[in-house]
Structure formats: C-alpha cells, structure tokens
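Here are my notes on the model you passed along. Have it open next to you as you read, since I go residue by residue in places.

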Amino acid sequence: KRIPCACLDEKYKEVKSVKKMGFCCNPNCDQPNQMVERSKMFYCTRCCDVNYCSVECQKADWKGHRGDCNEIVEMKAAFDSKQS
C-alpha cells in the first residue's frame, strides 16, 4: 500500500522501475544465474511451488521435480483435509 506523501514520490518511482526477478528451478537453465523477470515466469500447475523461465525448462526438469511434486501435493492435500 502506498503512503500518500509527496516526499516519497521520487523513491516510489525508483522502486517501481526495478524489475522483479525470479529464480528458475531447473538446475540446467541457460539464463544468467537462473534469474528471469518474474512476470515472464511459468510455475508448476500441479504443486504451484516451483517456477521456471520457460515451458522448455519446466519440461526438462520434470523428471527431477516429479518426486518432489508428488510429496508437495500430498502434503497440501493432508493439510487441507485437516482444515475441513
């Protein structure tokens, strides 16, 4: 939430101009430092816990992510069932 104060206008513009970066979870990603602009990222639609810079990176990492994905989905299901 933005604080309405003219003294902060310049700082607000400066902060808003900085691109938000995210980390691609594929260890073999070609991006520098595996970093990519967050607005362009893809995430695993099954577990919603890992992000990728592209569909190709997501597909390439599926064999490595599959086991973790299954565990995450099971944990979320167990948690949701306890909340009901």
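1. Start with how much is tucked away. Buried residues account for 21% of the 84 residues in the protein. Keep in mind throughout that this is a predicted model. The exposed surface comes to about 6900 Å², with 54% of it supplied by carbon and sulfur atoms.

2. Next, the overall dimensions. The radius of gyration is 18 Å, whereas a compact globule of 84 residues would come in near 12 Å. The C-alpha trace spans about 50 × 40 × 15 Å along its principal axes. If you look at contacts between residues at least 6 apart in sequence, 31% of them join residues at least 24 apart.

3. On the fold itself, you have two helices and four strands. Reading from the N terminus, the order is α-β-β-β-β-α, so the strands sit between the helices in sequence.

4. A quick word on charge. The protein carries 15 positive and 12 negative charges, and the mean positions of the two sets are 5 Å apart.

5. Now the core. Which residues make up the largest nonpolar core? There are 12 of them: Cys24, Cys29, Val36, Met41, Cys44, Cys47, Val50, Tyr52, Cys53, Cys57, Cys69 and Ile72. Helix H2, residues 55-83, gives the most to this core, with three residues. As general background, nonpolar side chains in soluble globular proteins tend to be buried together.

6. Val50 is a good place to zoom in, as one of the core residues. Leaving aside residues up to four places away in sequence, Val50 touches Cys25, Phe42, Tyr43, Cys44 and His65. Two of these partners, Tyr43 and His65, get their own points below.

7. Is His65 buried or exposed? His65 lies in helix H2, and it counts as buried because its relative accessible area is 5%, under the 20% cut-off. Its contacts beyond four places in sequence are Cys44, Cys47, Val50 and Tyr52. Those four also appear in the list for the nonpolar core.

8. Tyr43 belongs to strand E3, residues 42-43. With a relative accessibility of 43%, Tyr43 is classed as partly exposed, because that class runs between 20% and 50%. Beyond four places in sequence, Tyr43 touches Cys48, Val50, Asn51 and Gln58. For a sense of distance, Tyr43 and Cys7 are 36 residues apart in sequence and 38 Å apart in space, C-alpha to C-alpha.

9. Two backbone angles deserve a look. Most residues other than glycine have a negative phi. Gln34, though not a glycine, has a positive phi of about 60°. Gln34 sits in the loop between strand E1 (21-23) and strand E2 (35-37). At 17% relative accessibility, Gln34 counts as buried.

10. The second one is Cys48, where phi is positive and near 60°, again in a residue other than glycine. Where is Cys48? Cys48 is in the loop between E3 and strand E4 (51-52). Its relative accessibility is 45%, so Cys48 is partly exposed. Cys48 is also one of the residues that Tyr43 touches.

Technical notes:
Residues are numbered from 1 along each chain as its sequence is written. This is a predicted model: local features need pLDDT of at least 70, side-chain atom pairs count only at pLDDT 80 or more; totals for chains, interfaces and linings use all residues. Side-chain values use heavy atoms; hydrogens and water are left out. The radius of gyration is taken over C-alpha atoms; the globule rule is 2.2 Å times the number of residues to the power 0.38. Buried means under 20% relative accessible area, exposed over 50%, partly exposed in between (1.4 Å probe, protein chains only). Contact means heavy atoms within 4.5 Å. Accessible areas come from the Shrake-Rupley method with a 1.4 Å probe; for residues, only the protein chains shown count as cover. Lys and Arg count as positive and Asp and Glu as negative; His and the chain ends are not counted. The place of a charge is taken as NZ of Lys, CZ of Arg, CG of Asp or CD of Glu. A nonpolar core is a set of buried Ala, Val, Leu, Ile, Met, Phe, Trp, Tyr and Cys residues joined through side-chain atoms within 4.5 Å.
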